[in-house]
Amino acid sequence: MKTRRPEDSLEQVLAALERELIDTTDEEVLAVAAELGMNPSMKGSAAFLGVKSPLISAGAPATSSSGEPHPSVGLSRRERSGPRGS
Amino acid sequence: MHLVSETDLLRLKAIARLHARLLPADVTWSDLLQEAFARVLDGSRNALPGVPLLAFLGGVMRSIKAEYWRRARREALQELAVIYHLFADDPQACHIIAGLAEERSPEEICESCGMSKTDYDSTRRRMRRLLLREGLRTRQK
């Protein structure tokens with residue numbers, strides 16, 4: 001039986017869970033935010049507490065249904081996460 | 001440089017929290033995320049062609065976290081236990097985590113624990129939602 005180093009196993013698990021999060025649809029993200037009583041489409045939403053991105057475009061929408069579509073809104077899971085193992 | 005949407009920011013927040021729960025108490029998920037942005041912007045980490053920004057930033061966060069681990073010499077087994085604890089109420093999720101740790105394919109995981117493809121997909125959906133809930137909640141760490 002192959003013996004695996006714990007740190008390798010941990011890396012595998014974290015990378016897989018990270019991919020799950022990247023692959024989450026916008027709808028899932030917004031549904032969970034709503035469950036937590038948050039509305040990411042509102043300015044100053046608690047969902048963004050602690051998050052400041054210098055890479056976000058001004059007025060980028062949280063969903064594809066509000067305002068001008070942001071280039072990354074509506075990307076497929078594969079387009080967001082790239083090829084497996086990247 | 002591609003930009004991220006607000007929904008992407010929420011995904012990144014959840015990813016930062018996933019990694020930060022295993023970091024020293026004085027390093028927050030926000031520190032991890034900001035450090036990743038900083039490294040991309042100052043050019044110390046250059047995005048690889050063809051790798052989407054979200055996946056790239058996730059990789060940068062993993063790399064930063066690995067640096068902390070090396071410094072802190074934390075035990076990987078202890079960290080794995082933390083992840084199992086997160087899914088402790090969901091035995092099927094624990095089976096999937098165990099399979100992932102052993103680099104098993106989804107088919108192998110289903111076979112080894114008698115899970116159907118539907119069960120597997122439903123469990124993954126529950127796992128995603130739990131990770132998101134953990135990632136979006138307002139408590140700091």
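**Exercise 1.** Which side chain of chain A meets R129(B) in a salt bridge?

*Solution.* Keep in mind that we're working with a predicted model. Step one: apply the cut-off, a Lys or Arg side-chain nitrogen within 4 Å of an Asp or Glu carboxyl oxygen. Step two: check R129(B) against E35(A), where N to O comes out at 2.3 Å. That pair passes, so E35(A) is the partner. Step three: put the pair in context. Across the interface of chain B and chain A, the rule turns up 8 salt bridges, and the structure holds 15 over all chains.

**Exercise 2.** Work out how much surface the two chains bury between them, and who contributes on the chain B side.

*Solution.* Start with the area: chain B and chain A bury about 5000 Å² between them, and carbon and sulfur atoms carry 67% of that. Now pick out the top residues of chain B: E6(B), R11(B) and R128(B) lose the most area to chain A, together 13% of what that side buries. Then count heads: 56 residues of chain B are in contact with 54 residues of chain A. As for polar contacts, there are 13 residue pairs between the chains, with both residues at pLDDT 80 or more. Next, the helices: among those of chain B that each supply at least two residues to this side are helix 3 (53-72) and helix 7 (117-136). Helix 1 of chain B gives the most, with 11 residues. Last, sort the chain B side by type: 32 nonpolar, 9 polar and 15 charged.

**Exercise 3.** Trace the salt bridges around E20(A).

*Solution.* First bridge: R124(B) meets E20(A) at 2.4 Å, N to O. This one crosses between chains, from helix 7 of chain B to helix 1 (residues 6-23) of chain A. Second bridge: R128(B) also meets E20(A), this time at 2.9 Å. Now check burial. E20(A) has a relative accessible area of 10%, which is under the 20% cut-off, so E20(A) counts as buried. R128(B) is buried too.

**Exercise 4.** Find where D8(B) and R11(B) sit, then say which residues form a salt-bridge network.

*Solution.* Both D8(B) and R11(B) lie in helix 1 of chain B, 3 residues apart, or about one turn of the helix. Their closest N and O atoms are 2.8 Å apart, giving a salt bridge, and both residues are buried. For the network, follow shared partners: E20(A), E28(A), R124(B) and R128(B) end up joined into one.

Notes
Residues are numbered from 1 along each chain as its sequence is written. Chains are lettered from A and ligands numbered from 1 in the order in which they are written. This is a predicted model: local features need pLDDT of at least 70, side-chain atom pairs count only at pLDDT 80 or more; totals for chains, interfaces and linings use all residues. Side-chain values use heavy atoms; hydrogens and water are left out. Contact means heavy atoms within 4.5 Å. Buried area is the accessible area (1.4 Å probe) that two parts lose on being put together, summed over both. A polar contact is a pair of N or O atoms within 3.5 Å; within protein, one must be able to donate a hydrogen and the other to accept it, and residues adjacent in sequence count only if both atoms are side-chain atoms. Helices (H or I, at least four residues) and strands (E, at least two) are DSSP runs, numbered from the N terminus. Ala, Val, Leu, Ile, Met, Phe, Trp, Tyr, Cys and Pro count as nonpolar, Asp, Glu, Lys and Arg as charged, and the others, Gly among them, as polar. Buried means under 20% relative accessible area, exposed over 50%, partly exposed in between (1.4 Å probe, protein chains only).
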